Amino acid sequence: MVGSILVVAAAQSILPFANNVALVAVAIFVVGLANGPFDIGLFTLRQRRTDPAWFGRAFAVSMSLNSVGNPIGSALAGPLIALSLNGALWAAVAACLVAALFPLLSIPAGEVSSEKESRSPEG
């Protein structure tokens with residue numbers, strides 16, 4: 001997941017220097033390619049860490065929170081782009097780099113045993 005975020009940040013860092021449409025198209029293509037592995041990693045992580053009885057609720061809440069970010073991001077990006085397009089692009093790169101820290105800091109490195117798994121099958 002971190003690798004995908006860093007690839008997106010690298011692709012976005014090309015955009016302030018883009019002087020033709022082909023370079024922008026390549027950057028967008030790379031961002032699209034990097035999002036696939038990120039989504040697979042994210043959904044796999046959610047599935048492993050969520051109790052099966054909570055799948056429906058957990059995934060519904062998660063997808064709702066993912067979707068609520070779109071209008072918030074648009075509301076922040078509009079005025080920033082009006083001030084400076086390059087500034088907005090560098091802000092996106094900075095946001096990606098900061099976002100790359102979250103999986104490293106919040107996902108446990110090893111398996112977390114739950115209370116159910118530590119009990120014996122007899123009870």
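How many helices and strands are there in the protein chain? Some notes from going through the model, which is a predicted one.

1. **Overall make-up.** The count is six helices and zero strands, so to speak an α-α-α-α-α-α run when read from the N terminus. Of the 123 residues in the protein chain, 17% are buried. The chain exposes about 8600 Å², and carbon and sulfur atoms supply 70% of that. As for contacts between residues at least 6 apart in sequence, 66% join residues at least 24 apart.

2. **Helix 2.** This one covers residues 21–49, which makes 29 residues. From first C-alpha to last, helix 2 reaches 42 Å, close to the 42 Å expected at 1.5 Å a residue. Its buried residues are Ala-27, Ala-34, Leu-42, Leu-45 and Arg-46. What do they sit against? The buried residues of helix 2 pack against helix 1 (2–14) and helix 3 (55–83).

3. **Thr-50, just past helix 2.** Have a look at the loop between helix 2 and helix 3, where Thr-50 is found. Thr-50 has a relative accessible area of 17%, and because the cut-off for buried is under 20%, Thr-50 counts as buried. Its side chain reaches back to the backbone oxygen of Arg-46, at 2.6 Å; Arg-46 is itself one of the buried residues of helix 2. Leaving aside neighbours within four places in sequence, Thr-50 is in contact with Phe-55 and Ala-58.

4. **Gln-12.** Is Gln-12 buried or exposed? This residue of helix 1 comes out at 19% relative accessibility, so Gln-12 counts as buried. Once neighbours within four places in sequence are set aside, the contacts of Gln-12 are Ala-92, Val-93 and Cys-96.

5. **The largest pocket.** About 1100 Å³ of space lies in the largest pocket. Its lining runs to 32 residues, and the closest to the pocket's centre are Gln-12, Gly-69, Asn-70, Ala-95 and Cys-96. Two of those names are familiar from the previous point: Gln-12 is in contact with Cys-96.

6. **Who lines the pocket.** Which helix gives the most to the lining of the largest pocket? Helix 3 does, with 11 residues. Helix 1, helix 2, helix 3 and helix 4 (85–99) each supply at least two residues of the lining. Helix 1 and helix 3, then, turn up twice in these notes: the buried residues of helix 2 pack against them, and both supply residues to the pocket lining.

Methods:
Residues numbered from 1 in each chain as written. Predicted model: local features only at pLDDT ≥ 70, side-chain atom pairs only at ≥ 80, totals over all residues. Heavy atoms only, no water. Helix = DSSP H or I, 4+ residues; strand = E, 2+ residues; numbered from the N terminus. Expected span 1.5 Å × (residues − 1). Buried < 20%, exposed > 50% of the residue type's maximum accessible area, 1.4 Å probe, protein only. Contact = heavy atoms within 4.5 Å. Areas by Shrake-Rupley, 256 points an atom, 1.4 Å probe, with all protein chains shown as cover. Polar contact = N/O pair within 3.5 Å; in protein donor to acceptor, adjacent residues only side chain to side chain. 1 Å grid on protein atoms, 1.4 Å probe; cavity = no way out; pocket = protein on both sides within 12 Å on 5 of 7 lines; lining within 4 Å. Points joined across faces, edges and corners; volume = space filled by probe spheres on them.
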